[in-house]
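Here is a set of exercises to work through with the model open beside you. Try each task before reading its solution.

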Amino acid sequence: MRDLRFGYGDRDVLQGVNLVVPRGKVVAIMGGSGCGKTTLMRLIGGQLKPRGGELKVCGQSVPALDREGLYALRRRMSMLFQFGALFTDMSVFDNVAFPMREHTALSEPIVRDLVLMKLHAVGLRGAAQLLPSELSGGMARRVALARAIALDPELMMYDEPFAGLDPISLGVIGQLIRKLNDALGASSIVVTHDVHESLQIVDYIYFLSEGKVVAEGTPDEIRASTDPWVHQFVWGEADGPVPFQVAAEPYETALLGVSRA
Amino acid sequence: MKRTTIDIWVGIFVVIGFGALLFLAMRVGNLGGSKLRDPYELQAKFDNIGGLKVRAPVKSAGVVVGRVEKIVLDSQTYQANVTMQMDARYAFPQDTFATINTSGLLGEQYIGLEPGGDEKTLAAGEVIKKTQSAVVLEKLISQFMFSTAEGSSVKAGN
Amino acid sequence: MSVLQGIGARTTAAVWHLGFATRFFVAVLLASGTSFRRIHLTLREVYFSGVLSLVIIMVSGLFVGMVLGLQGYDTLARYGSEEALGVLVALSLVRELGPVVAGLLFASRAGSAITAEIGLMKATEQLDAMDMMAVNPIARVVAPRFWGGVISMPLLAALFSAMGVLGGYIVGVVLIGTDTGSFWGQMQASVDFKRDILNGVVKSVVFGVAVSWVAVFEGYDSDATAEGVSRATTRTVVTSSLAILGLDFILTSLMFRG
């Protein structure tokens, strides 16, 4: 996992983003809602094609791959979706077993052992026979995590792994991301806007705004940063370089214009 | 849902589905029962076949002995050439008389065979020579009307 | 001007939609290998669309046949040809009512369920997740549902017709008391296997393809929201019902003309 960068211009969501995810590291991509974080993920996964630029995963250029090459590459990466995206018609066990059954010819006893191992890693071995609808949000996220690591990926992507979780589940997921990454020797990309949790677990942070990387650094650098944009984001201030008001005509003209009409 | 349960139900479903199809074919349709045994062909020429259709039955003394296979117009004689598939169990004399009848007043039309007294029987592909056309209701009515009209005009002349 | 623009925009959208649906259909057919190599995937869908529709199809068939028996007897008795009751019931069921009514029931029972299921999987990113796991969702999710519907539909239509004939028999022979012999005899004499029954089966296969296609497409094409899924479900029922009736007219005029 060396060079990972591109420029991209579809509806100008991303305008020339450069970033590198080194092997074995957990990298966070942060930014306000709608700044193109999820788009970035889909580009890496090859679900979208960039309009220009270069994007390499494990030395292979993703946009240049055909369907088979892409599928071969995707077996080496894995993605955790915002709300888990568990298959609702299968039990927890079958969900985790799904990638193994689809991609390997492992015999059923081995699949069973592996699934229980993965579930044990996320602490949900006891929930194997439950259906996804019987799980809480945090548990569902952990099952999805177990499913994501089923085939020991080299690149993990997390799309908003902390969204909508209570503080305890949030801490659990955060620790799991860190531990699993170290255990697998994989690289992880975490897309999030939960600053404090990610500052504790990641190695490097990119801040994304209006389709560009506006700041980057290790957690310590970020905490110490005097950049006003980073400061506003980290401390959650309402007004600052990111304006509170959506760009509009001047307030006075709007009010006067209405009263006159 | 367990795999085996699904398998059993799908099995039941497929079996009764095909059972229904078989029921339709055998009990409702004409695939079972009335099948002709190694049929042979006969032909007959009619001046007018009326409303006779392909697959109409060929009956003798009310028993179905064959079916109409094909109807074409002979462009030389302008007669209808009817090909029939006959059941091999039944043979008919050379001088058999073929008529086009109607079952009931408005029912379907069929071919009726009245066997003659000839010793020799019709072989496969032979043509029945003695035929009688379908009764066309309009002709019958107009004949009747003309004859009564003529009758009354003769009376008036007297 | 804006009226013209509206018409133009709608036409373009409709053509685009149709083209997309056709491409999707081809993609489903191309990805069908998995449905047969791993037949269990398809059998599961036969269970959901076929077995679970059994009761409604059989009960409806029985009642439609019984109503046909009553109405048919009433009308035929005026012309003194009650013995043709079997013919009337069997022909109307096998040729028309069986495939069409079973198709309509199938569209609202199984078609809408297929759409809702696929739409929901899309809305909750399950399809995306599958795609990211290098599993083609069209091969794994869509194609088995499509083939499950195509397999179920003719069997359901045959069952509907058979139950209908039975219903007609119950009313005509058991309750009213027309002659059993003439009921079955006349039926067998005038229902032709090729012309009537086989054509009915062909119709039900065509309807099965149409309904399943509409159902999987609407599900796959639905907006990934709760509202989008519910709208897609409605569209499935409406579109596939219209498709059944339209196709029925075309098929009937091709099959039974002359």
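**Exercise 1. Chain B in outline**

What percentage of the residues in chain B is buried? Then list the elements of chain B in order.

*Solution.* Keep in mind that this is a predicted model.

- Step 1. Chain B has 158 residues, and 30% of them are buried.
- Step 2. Counting secondary structure gives two helices and eight strands for chain B.
- Step 3. Read from the N terminus, these elements follow the order α-β-β-β-β-β-β-β-β-α.
- Step 4. Take the contacts in chain B between residues at least 6 apart in sequence: 62% of them join residues at least 24 apart.

**Exercise 2. The helix at the start of chain B**

Does the length of helix 1 of chain B agree or disagree with the expected span? Find also what its buried residues pack against.

*Solution.*

- Step 1. Helix 1 of chain B covers residues 3-28, which is 26 residues.
- Step 2. At 1.5 Å a residue the span should be 38 Å, and the end C-alpha atoms lie 36 Å apart, so the two agree.
- Step 3. An unreviewed UniProt entry lists residues 6-26 of chain B as a "transmembrane region". In the model that span is 100% helix and 0% strand, with its end C-alpha atoms 30 Å apart.
- Step 4. The buried residues of the helix are Ile6(B), Val10(B), Phe13(B), Gly17(B), Ala20(B), Leu24(B), Ala25(B) and Val28(B).
- Step 5. To read that list, recall that an α-helix has 3.6 residues a turn, so residues three or four places apart point the same way.
- Step 6. The partners are in chain C: the buried residues of helix 1 of chain B pack against helices 3, 4, 5, 7, 8 and 9 of that chain.

**Exercise 3. The sheet of chain B**

What is the strand order of the open sheet in chain B? Work out how strand 4 of chain B is held in place by its pairings.

*Solution.*

- Step 1. The order of the eight strands is 7-1-4-3-2-6-5-8, with mixed pairing.
- Step 2. Strand 7 (127-128) and strand 8 (130-132) of chain B are the edges, each pairing on one side only.
- Step 3. Strand 7 of chain B pairs with strand 1 (residues 40-46) of chain B in the parallel sense over two bridges; here Ala44(B) has Ile128(B) as its bridge partner.
- Step 4. Strand 1 of chain B also runs antiparallel to strand 4 of chain B, joined by seven bridges, and Phe46(B) stands opposite Ala80(B).
- Step 5. Strand 3 (residues 63-74) of chain B pairs with strand 4 of chain B through eight antiparallel bridges, with Val72(B) and Asn81(B) as one bridge pair.
- Step 6. Strands 3 and 4 of chain B make a hairpin with four residues between them, and Tyr78(B) in the turn has a positive phi of about 55°.
- Step 7. Seven of the eight residues of strand 4 (residues 79-86) of chain B are buried.

**Exercise 4. A covered strand in chain A**

Which strands are joined to strand 8 of chain A, and do they run parallel or antiparallel to it?

*Solution.*

- Step 1. Strand 3 (residues 26-31) of chain A is joined to strand 8 of chain A by five bridges, in parallel; Met30(A) has Thr192(A) as its bridge partner.
- Step 2. Strand 7 (residues 155-159) of chain A is also joined to strand 8 of chain A by five bridges in parallel, and Leu155(A) stands opposite Ser187(A).
- Step 3. Strand 7, helix 6 (residues 167-184) and strand 8 of chain A form a right-handed β-α-β unit.
- Step 4. Both faces of strand 8 of chain A are covered: Ser187(A), Ile189(A) and Val191(A) are buried on one side, and Ser188(A), Val190(A) and Thr192(A) on the other.

**Exercise 5. The largest nonpolar core**

Which residues have the most contacts inside the largest nonpolar core?

*Solution.*

- Step 1. Among the 53 residues of this core, Val57(A) and Met157(A) have the most contacts inside it.
- Step 2. Helix 7 of chain C gives the largest share of the core, seven residues.
- Step 3. The residues that Met157(A) touches include Met41(A), Ile44(A), Ile189(A) and Met132(C).
- Step 4. Another core, of 48 residues, lies apart from it and includes Phe93(A), Val96(A), Leu124(A) and Leu180(A).

How values were computed:
Residues numbered from 1 in each chain as written. Chains lettered and ligands numbered in written order. Predicted model: local features only at pLDDT ≥ 70, side-chain atom pairs only at ≥ 80, totals over all residues. Heavy atoms only, no water. UniProt positions renumbered as here; feature names shortened; annotations may be inferred. Buried < 20%, exposed > 50% of the residue type's maximum accessible area, 1.4 Å probe, protein only. Pairing = 2+ DSSP bridges. Right-handed = clockwise from strand over helix to strand, strands pointing away. Expected span 1.5 Å × (residues − 1). Contact = heavy atoms within 4.5 Å. Core = buried A, V, L, I, M, F, W, Y, C linked by side-chain atoms within 4.5 Å.
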